[in-house]
Amino acid sequence: MRILFLCLGNICRSPAAEGVVRFMAQEAGLDVALDSAGTGGWHVGDPPYGPMQSAAGPRGYDLSGLRARQLARSDFADFDLILAMDRQNLRDAQAVMPPDATARLEMFLQGAQGTSEVPDPYYTRDFDGCLDIIEAGAKALLARLQGAQ
C-alpha cells in the first residue's frame, strides 16, 4: 500500500501525518510506503515547520528528515491512496486529478471518531491539538489497513 498525505503547504499536517503513521505502522509491523505533499508550492524543499517538529518530537515522531513538495499529477498513479487533511485540500486535489488516475482520493479522518477535518495549526497555533487529531486518524487508518490484509 502506497499512501500520500495531503495538506496545503506540506509543512505541518501532512508531514506530521506521515511521521505519525510511519511510527505506528512500524510498531504494528505493517509494510506501507508513505509520503506527503501540499496542494501549494510555497514551501517546496523546506523542512516541516519548527513548532510542529517541536510538538512531534516529545511524542516520538521525528519529522526532521522530511521536505515539503507539491502534489504532482504523477502522484495519482504512484499512490494507492491520497488522504486530504481538509475538504479544501480534497477539492483542490480533485480539480487536478487526471481522468486516468488510479489512486483513491479520500479524507484522512474517514473512519475516525470526532471531527472530519484536521485544522491547520499554522493558523490555529494548536500543534499539540493537531497531533492529537492526527494520532486518532492514524489509528483509524491503521485499523482499516490491518482489516484489509
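Q: Two strands count as paired if DSSP finds at least two bridges between them; in which sense do E1 and E3 pair, and over how many bridges?
A: This is a predicted model, and in it E1 and E3 pair in the parallel sense, over four bridges. At the level of single residues, Leu6 has Ala84 of E3 as its bridge partner.

Q: In which sense do E3 and strand E4 pair, and what is the handedness of the crossover that takes the chain from E3 to E4?
A: E3 and E4, the latter covering residues 104–107, also pair in the parallel sense, with four bridges between them, and Leu105 in E4 is the bridge partner of Ile82. Between these two strands the chain passes through helix H4, residues 87–96, in a β-α-β crossover that is right-handed.

Q: Which way do the residues of strand E3 point, and are they buried or exposed?
A: For burial, the cut-off is a relative accessible area under 20%. In E3, residues 81–84, Leu81 and Leu83 point one way while Ile82 and Ala84 point the other way, and all of them are buried.

Q: How many helices and strands are there in the protein chain, and in what pattern do they follow along the sequence?
A: The protein chain has six helices and four strands, and reading along the sequence gives the pattern β-α-β-α-α-β-α-β-α-α.

Q: Why does the radius of gyration of the protein chain agree with that of a compact globule?
A: The idea is to compare the chain with a rule that depends on the number of residues: for 149 residues a compact globule would have a radius of gyration near 15 Å, and because the protein chain has 14 Å, the two agree. The C-alpha trace spans about 40 × 35 × 30 Å along its principal axes, and 48% of the 149 residues count as buried. Among contacts with a separation of 6 or more, residues 24 or more positions apart account for 72%. The exposed area of the protein chain is about 7,000 Å², of which carbon and sulfur atoms supply 49%.

Q: How far apart are Arg2 and Phe79 in sequence and in space?
A: A separation along the chain and a distance in space are best read together. Arg2 and Phe79 are 77 residues apart in sequence, yet their C-alpha atoms are 4.9 Å apart in space. Arg2 is found in strand E1, and with a relative accessible area of 34% it is partly exposed. Apart from neighbours within four places in sequence, Arg2 is in contact with Ala33, Ala77, Asp78, Phe79, Asp80 and Leu81.

Q: Where does Pro48 lie, and which residues is it in contact with beyond its neighbours within four places in sequence?
A: Pro48 lies in the loop between E2 and helix H2 (50–56), and because its relative accessibility is 4%, it counts as buried. Its contacts, leaving aside neighbours within four places, are with Ile11, Pro15, Gln53, Leu63, Leu66 and Arg67. Of these, Arg67 is 19 residues from Pro48 along the chain, with 6.7 Å separating the two C-alpha atoms.

Q: What is the sign of phi in most residues other than glycine, and what is phi of Asn10?
A: Most residues other than glycine have a negative phi. Asn10, however, has a positive phi, near 65°; it lies in the loop between strand E1 (2–7) and helix H1 (13–28), and a relative accessibility of 2% is why it counts as buried. Arg125 is another residue with a positive phi that is not a glycine, here about 70°. The loop that holds Arg125 runs between helix H5 (121–124) and helix H6 (127–148), and Arg125 counts as partly exposed because its relative accessibility is 45%.

Q: Which side chain makes a polar contact of 3.0 Å with the side chain of Ser36, and which one is joined to Ser36 at 2.8 Å?
A: A polar contact pairs N or O atoms within 3.5 Å. The side chain of Ser36 makes one such contact, of 3.0 Å, with the side chain of Asn10, and another, of 2.8 Å, with the side chain of Glu18. Ser36 belongs to strand E2, residues 33–38, and counts as buried because its relative accessibility is 2%. Without residues up to four places away in sequence, Ser36 touches Leu4, Phe5, Asn10, Ser14, Pro15, Glu18 and Arg69.

Definitions and conventions:
Residues are numbered from 1 along each chain as its sequence is written. This is a predicted model: local features need pLDDT of at least 70, side-chain atom pairs count only at pLDDT 80 or more; totals for chains, interfaces and linings use all residues. Side-chain values use heavy atoms; hydrogens and water are left out. Buried means under 20% relative accessible area, exposed over 50%, partly exposed in between (1.4 Å probe, protein chains only). Two strands pair if DSSP finds at least two bridges between them. A crossover is right-handed if, with the strands pointing away from the viewer, the path from the first strand over the helix to the second runs clockwise. A polar contact is a pair of N or O atoms within 3.5 Å; within protein, one must be able to donate a hydrogen and the other to accept it, and residues adjacent in sequence count only if both atoms are side-chain atoms. Contact means heavy atoms within 4.5 Å. The radius of gyration is taken over C-alpha atoms; the globule rule is 2.2 Å times the number of residues to the power 0.38. Accessible areas come from the Shrake-Rupley method with a 1.4 Å probe; for residues, only the protein chains shown count as cover.
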